Structures are given as C-alpha cells and as structure tokens.
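Good morning, colleagues. I should like to take you through one protein model, beginning with a single loop residue and working towards the sheets and helices. Please look at the sequence and the structure as they appear.

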Amino acid sequence: MSRRTRFSQAAVAVSVIALAAVGCGKSSTDTSSDSKKSSSDYSGKGIGLAYDIGGKGDQSFNDAAYAGFQKAETEFKIGGRDIEPQDGESDADKVQRLEQLAKSGYNPVIGVGFVYAPAVKEVAAKYPKVTFGIIDDEQDKAANIADLVFHEEQSSYLAGVAAAKATKKNHIGFIGGVDIPLIHKFEAGFDQGAKSVNPSIKIESQYLTQTPQEGGFASPDKGKDAAAGQIEKGADVLYHAAGLSGQGVISEAASKKVWAIGVDSDQYAQSSLAKYKDWILGSALKNVGGAVYDLAKSVVDGKPLSGVVRGDLKSGGVGFADSNPKYKAMTDVVAAVDKAKQDIIDGKVTVKTTQ
C-alpha cells in the first residue's frame, strides 16, 4: 500500500574518506553493528547503500543519500555499509551488490538511482524479510519495496522563476545529464517557471548524453563544455540537472561570472565547490538524504515503509536553497520564488512533468 511521509531534513555536508575495493564495487564504509547497538528491537546489521553513477563525492545526488545514511547510523546507533559503483558495470553487477548487502544482514538496502530498478526487483524477491528502497523509480511493486520518488518539477519551477528574475539578458540555459524522462521533468518545470515570469524568455537546452553509460552524470568536462557553449550564445543563468557533471557547469559559470543554479543538494554549501559559491544563485533541492533516513527509521521502528513515498514542496521533499547572501539580497527574486512556492502548495499552479 502506498504511503506518504514528510522527508526529514538531513545535513548535506560530507567528508570524503579513502575507498577500499570490496566485492562488486567499492565499499566506502563498513561499520559493524556489533559496536553500534540500537536501543530498539531492530535486529539488522545496519543500513546498506549502493550508489548511483558518479558515486560519493558528487556534491549532489549521491552525497545527499550519504548524508541520510550517516544521520541514520548516528541517531539509531546502527551499523552501515555503502558501496560505490564500477565503470561500465552491468545489471548483474548491481544484483550482486544488493544481494551482498542483503545476505550480510543489512536492512534496509537502498539503491540510489533508477538504474537499480531491475536489481531491486530481483533481489527483493529473494529476501522478502529485508526492506528495499529505490530512489527515483516507482516501477518496482512488492510488499518489501519502498519507491522513494520526488516532484522534481516543482523545485525546478522555482529554479526557473529565480533564473528568469535574475537574468539581465532574458536568456538562460538548462543542462541535463542524460536524455531520459526523469531529467525531462527537471527541464519541464524549469521552463514553465521561467516562462511564468517572462513568456518570451530565451532558454537554451542541452543534454550531455543519451544514456547514463556514456557519462552524462559523471563527466565534469562534458558539463563544462556545455556551459561554455550556452554562455557564448548569451545565457547568463544556467541550471543543471547533471549529477557530478554539474560541477563542470558550475565552475565554467563562475569563471565567466554568470549565475549557476545547483541541484539535489545545496551546492552553495559544498566544500569542493567553495571557490565557485559566489556564483551559485541557489539550488533546486531534492531531499534524498531525508528519504534514506526516513526509510531506515521506519525499519528500525518495526514499521517499514512500502509502496510509493513521494516528496513534494508541501512535505519538504523538494525545495529551493537560499544559502547565498547575494541571493537573499535580491528581494524581488526571493519574493517571486516564495510566491511561486506557495502557489504550488496551494494548488494555484500545477507544474508540468513534460513539455
């Protein structure tokens, strides 16, 4: 049965630690539950997390998941293991990774990203007593699977409003990592938000690759080149939905002194992007960390979530980060974004998921 929940806030700052190769993929941390005893009746070994393309350190999607992983470990005093993906891996590799976590006693086991859908479906059927979560996909249906999905189009709408209010040239840009329906939702919301401010605004659009395997979510150089091209055409605010590739978008925008809008995590607050932060206008947030944390909490509490668990503006599952003081000083931009947010929550505006 589908459930809705308010995604808890999870810190997004992370520390990068040395990676050791373990099994299929790289294990970043492996904290034994023997040294972390939970006060509840929880009997699992801890939380298992398998990263998406780009892995930990992307300062975006994967790092948001890691923040929720860390918070769950700390608050519930449970163990945890998170594993990196490999370059050019197959679905069989993902199956092996999830099965390794489930067989070792981790519960819940979470696949970070839609690419894990086939693997989650297969492994969940083999381990019915383990709760599985998949982020950004809702095709897997089983009593022990939670589909952790979001209204990305809503936060992207706010990014579009901010971009259209901040541009000095009435010319902005969108850079998507991979040409897939999920990223189309980001673009659709962004375009609609921008055009709600200025129907005649010019919007550049580019997708870095056709498939994830080509590196669209994991190639900062591709993001940098795309940003350079859009800036040369005249865009002065760029919004990316490109994972690790977005770091290239942000660095290029900063070097050309035009605005960048981050995604998933509050990229203004990310340490590896600190030298570019003055040019990060804001970020379209997706509380992946909160989703990871809430699923772990439900399992620890003995009431595991299942079905579709969807985050939106009303629940706090998505939002727009306002950490940059320069953004806060743009009172007309802030007011427009705040009004747009309330209009969506009140049902006055319905954001499209396709163009």
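Let me begin with Asn 170, which is partly exposed, with a relative accessible area of 41%. In these terms, buried means under 20% relative accessible area, exposed means over 50%, and partly exposed lies in between, with a 1.4 Å probe and protein chains only. Asn 170 is found in the loop between α4 and β8. Its phi is near 50°, a positive value in a residue other than glycine. Helices here are DSSP runs of H or I with at least four residues, strands are runs of E with at least two, and both are numbered from the N terminus.

I must state the basis of all this. This is a predicted model, in which local features need pLDDT of at least 70 and side-chain atom pairs count only at pLDDT 80 or more, while totals for chains, interfaces and linings use all residues. Residues are numbered from 1 along each chain as its sequence is written, and side-chain values use heavy atoms, with hydrogens and water left out.

A second residue belongs beside Asn 170. Lys 257, in the loop between α7 and β11, also is not a glycine and has a positive phi of about 60°. Lys 257 is exposed, at 57% relative accessible area. As background, most residues other than glycine have a negative phi, and most peptide bonds are trans. On the latter point, the bond that joins Asn 107 and Pro 108 is cis, with omega about 10°. Pro 108 is found in strand β5, residues 106-111.

Now to the chain as a whole. The protein chain has 10 helices and 14 strands, and buried residues make up 61% of its 355 residues. Among contacts with a separation of 6 or more, 71% come from residues 24 or more positions apart; contact means heavy atoms within 4.5 Å.

How are the strands of the open sheet ordered? The six strands run β9-β8-β10-β11-β12-β14, with mixed pairing; two strands pair if DSSP finds at least two bridges between them. At the edges stand β9 (202-209) and β14 (318-321), each with a single partner strand, so one side of each is left without a neighbour in the sheet. On average, neighbouring strands of this sheet are turned by 15° against each other, direction ignored.

Within that sheet, β10 (residues 237-241) and β11 (residues 259-264) pair in the parallel sense over three bridges. Val 237 has Trp 259 of β11 as its bridge partner, and Leu 238 stands opposite Ala 260. Six of the six residues of β11 are buried, so this strand is largely enclosed by the rest of the structure. Helix α7 (residues 246-255) lies across β8, β10, β11 and β12, running at about 170° to β10. For such angles, axes are lines fitted to C-alpha atoms, for helices over the stretch in contact, and values run from 0 to 180 degrees between N-to-C directions.

Strand β7 (residues 145-150) is also mostly covered, with six of its six residues buried. Ile 145, Asp 147 and Val 149 are buried on one side, and Ala 146, Leu 148 and Phe 150 on the other. In general, the side chains of a regular strand alternate between the two faces of the sheet. β7 pairs in the parallel sense with β6 (residues 132-135) over four bridges, and with β13 (residues 307-311) over five bridges. Phe 132 has Ile 145 as its bridge partner, while Leu 148 stands opposite Val 309.

Is Glu 152 buried or exposed? Glu 152, in helix α4 (residues 152-166), counts as buried at 1% relative accessibility. Beyond its neighbours within four places in sequence, its contacts include Asp 136, Lys 185 and Lys 286.

Finally, helix α1 (residues 61-76) and helix α8 (residues 288-300) pack at an angle of about 35°, with their axes 7 Å apart. Among the residues that meet there are Phe 69 and Ala 72 in α1, and Tyr 293 and Val 300 in α8. Val 300 is buried, at 8% relative accessible area. From C-alpha to C-alpha, Val 300 lies 8.7 Å from Asn 107, although the two are 193 residues apart in sequence; Asn 107 is the residue joined to Pro 108 by the cis bond.
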